[in-house]
Amino acid sequence: MGLGIKTQKVLLLEELIEKAGGCAVVDRGFATQLEKHGTSINDPLWSALCLIKNPQLIKKVHLEYLEAGADILVTSSYQPMCFASGWAVTSVG
């Protein structure tokens, strides 16, 4: 009998932490880093706007986190998913 998806994810995370020496570093302060590069986060859908208007900056910030030693990157896709699902009340554009 195969492992459940949740169990597989836990095992993958445990393996990552073990390979990282017992502690995995997660990128944090994504909005702050985007602001340092000139992005405005005054809109409720700031990450969606950045993904749409400046995806190269998203990639650049993720690379900066990897270069700084991050083991795990956050995708910043929660706002666009909410927007696409019709949960957003603010229009993008």
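A helix here is a DSSP run of H or I, at least four residues long, and helices are numbered from the N terminus. The model shown in these views is predicted.

**Figure 1. The protein chain is built from five helices and zero strands.**
Read along the sequence, the pattern is α-α-α-α-α. The chain has 93 residues, and 22% of them are buried. The chain exposes about 6700 Å². Carbon and sulfur atoms supply 60% of that area. Now take the contacts between residues at least 6 apart in sequence: 67% of them join residues at least 24 apart.

**Figure 2. Helix H1 runs from residue 5 to residue 19.**
How many residues does H1 have, and what should they span? There are 15, and at 1.5 Å a residue they should span 21 Å. The C-alpha atoms at the two ends are 21 Å apart, so the expected span and the model agree. Just after H1 comes Gly 21, which takes a positive phi of about 90°.

**Figure 3. Glu 15 and Lys 19 form a salt bridge.**
Side chains of opposite charge can pair when their charged atoms come close. In this pair, the closest N and O atoms are 3.1 Å apart. A salt bridge needs a side-chain nitrogen of Lys or Arg within 4 Å of a carboxyl oxygen of Asp or Glu, so this pair qualifies. Where do the partners sit in the helix? Both are in H1, four residues apart, so about one helical turn separates Glu 15 from Lys 19. An α-helix has 3.6 residues a turn, so residues three or four places apart point the same way. Glu 15 is partly exposed, at 38% relative accessibility. Lys 19 is exposed, with a relative accessible area of 67%. A search of the whole structure finds one salt bridge.

**Figure 4. Val 26 sits in the loop between H1 and H2.**
Its relative accessible area is 35%, so Val 26 counts as partly exposed. Which residue lies 44 places away along the chain, with its C-alpha atom 5.5 Å from that of Val 26? That residue is Ala 70. Set aside the neighbours within four places in sequence, and Val 26 is in contact with Ile 72 and Val 74.

**Figure 5. Thr 39 lies in the loop between H2 and H3.**
Is Thr 39 buried or exposed? Its relative accessibility is 16%. Buried means under 20%, so Thr 39 counts as buried. Beyond its neighbours within four places in sequence, Thr 39 is in contact with Leu 34, Cys 50 and Leu 57. One of these contacts, Leu 57, is a buried residue of H4.

**Figure 6. Helix H4 has a buried side and another side with exposed residues.**
Which residues of H4 are buried? They are Leu 57, Ile 58, Val 61, His 62 and Tyr 65. These residues cover an arc of only 140° around the axis, so they lie on the same side of H4. They pack against helix H2 (30-36) and helix H3 (46-53). On the other side of H4, Gln 56, Lys 59 and Glu 67 are exposed. The length can be checked too. The 13 residues of H4 should span 18 Å at 1.5 Å a residue. The end C-alpha atoms are 19 Å apart, which agrees. H4 is followed by Gly 69, whose phi is positive, near 110°.

**Figure 7. Three leucines form a nonpolar patch on the surface.**
The patch is made of Leu 63, Leu 66 and Leu 73. Together they have about 230 Å² of accessible area. Where does Leu 63 lie? Leu 63 is in H4, which covers residues 55-67. Its relative accessible area is 40%, so Leu 63 is partly exposed. A residue needs over 30% to join a patch, so Leu 63 passes that cut-off.

Definitions and conventions. Residues numbered from 1 in each chain as written. Predicted model: local features only at pLDDT ≥ 70, side-chain atom pairs only at ≥ 80, totals over all residues. Heavy atoms only, no water. Patch = residues over 30% accessible without salt bridge, like charges linked within 9 Å, V, L, I, M, F, W, Y side chains within 5 Å. Areas by Shrake-Rupley, 256 points an atom, 1.4 Å probe, with all protein chains shown as cover. Buried < 20%, exposed > 50% of the residue type's maximum accessible area, 1.4 Å probe, protein only. Expected span 1.5 Å × (residues − 1). Arc of directions from axis to C-beta. Contact = heavy atoms within 4.5 Å.
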